[in-house]
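Dear colleague,

I am passing on to you the structure shown below, together with its sequence. Please look it over first, and then read the notes that follow.

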Amino acid sequence: MLALILSSPGILLAEEIGSVSTVFKMLGTNDKIVVEAFDDPEIPGATCYLSRAKTGGVKGMVGVAEDTADASIACRQIGAISLPEKVKNGKEDGEEVFKKSTSLLFKSLQVVRFYDPKRNVLIYLAYSDRIIEGSPKNSISIIPITPWH
């Protein structure tokens, strides 16, 4: 099972930028908000920053805690963007660009990408899902594609 989780696309692509403690725990790690960055694997020049809740305590320390579905996303153009044809024609709308497990089993935080050709904008949607029931909590960010100097 661990090999399956580690081999999932995007699961190890985030780089932790920093974190802040939100709740002190006597035993184990504190609850925190973690800020991570990841590059869109299909769109060089597009980077997203996620802030997400991370549960601490003894369960968090040993990796069995379930994180809440709270997350926020901000995406930016950091270089020249040339859209692949499969993105331009909408064939990859809803394509998963990032996924991170947020519990021992069955719950994950995902980011999917859409393209709005009328406005020439990439849209990134962050949400949490679970096999039985997901969460309506979500966050979006857009990248207007502009010439890069």
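**What was found**

A good place to begin is P84, which sits in the loop that runs between β4 (71-77) and α3 (85-88). Please keep in mind throughout that this is a predicted model. Leaving aside residues up to four places away in sequence, P84 touches E42 and I43. The second of these, I43, is 41 residues from P84 in sequence, while the two are 7.6 Å apart in space, C-alpha to C-alpha.

To place that loop in the whole, the chain contains 3 helices and 8 strands, and their succession, read from the N terminus, is α-β-β-β-α-β-α-β-β-β-β. Of its 149 residues, 36% count as buried. Among contacts between residues at least 6 apart in sequence, 46% join residues that are at least 24 apart.

Next comes the sheet. It is an open sheet of 4 strands, ordered β1-β2-β3-β4 and paired in antiparallel fashion. At its edges are β1 (15-23) and β4, each of which pairs on one side only, and from one strand to the next the twist averages 15 degrees. As general background, the strands of a sheet pair through backbone hydrogen bonds, either parallel or antiparallel. Here, strand β2 (residues 31-39) is joined to β3 by 8 bridges, the two running antiparallel, and V35 has S51 in β3 as its bridge partner.

Within the sheet, two cysteines deserve attention. C48 and C75 are joined by a disulfide, with a distance of 2.1 Å from S to S, and this link connects distant parts of the chain, since C48 belongs to strand β3 and C75 to strand β4, with their positions 27 residues apart in sequence. By the rule applied, the count comes to 1 disulfide. The link of C48 and C75 is right-handed, with 105 degrees about the S-S bond, and both C48 and C75 are buried.

Another residue of β3 (residues 46-54) is T47. Is T47 buried or exposed? T47 counts as buried because its relative accessible area is 4%, which is under the 20% cut-off for that class. The side chain of T47 makes a polar contact, at 2.6 Å, with the side chain of D39. Not counting residues up to four places away in sequence, T47 touches F38, D39, A74, C75, R76 and I78, so that C75 appears both in this list and in the disulfide described above.

As for the nonpolar residues, the largest nonpolar core has 21 residues, of which V111, L122 and Y124 touch the most other members. Two or more residues are given to this core by each of β3, β4, β5 (95-101), β6 (107-116) and β7 (121-130). In soluble globular proteins generally, nonpolar side chains tend to be buried together.

Finally, I would point you to N120, in the loop between β6 and β7. Most residues other than glycine have a negative phi. N120, although it is not a glycine, has a positive phi of about 55 degrees. N120 counts as partly exposed because its relative accessibility is 29%.

With kind regards

Terms used. Residues numbered from 1 in each chain as written. Predicted model: local features only at pLDDT ≥ 70, side-chain atom pairs only at ≥ 80, totals over all residues. Heavy atoms only, no water. Buried < 20%, exposed > 50% of the residue type's maximum accessible area, 1.4 Å probe, protein only. Polar contact = N/O pair within 3.5 Å; in protein donor to acceptor, adjacent residues only side chain to side chain. Contact = heavy atoms within 4.5 Å. Disulfide = S-S within 2.5 Å. Pairing = 2+ DSSP bridges. Axes fitted to C-alpha atoms, helices over the stretch in contact; angles between N-to-C directions. Core = buried A, V, L, I, M, F, W, Y, C linked by side-chain atoms within 4.5 Å.
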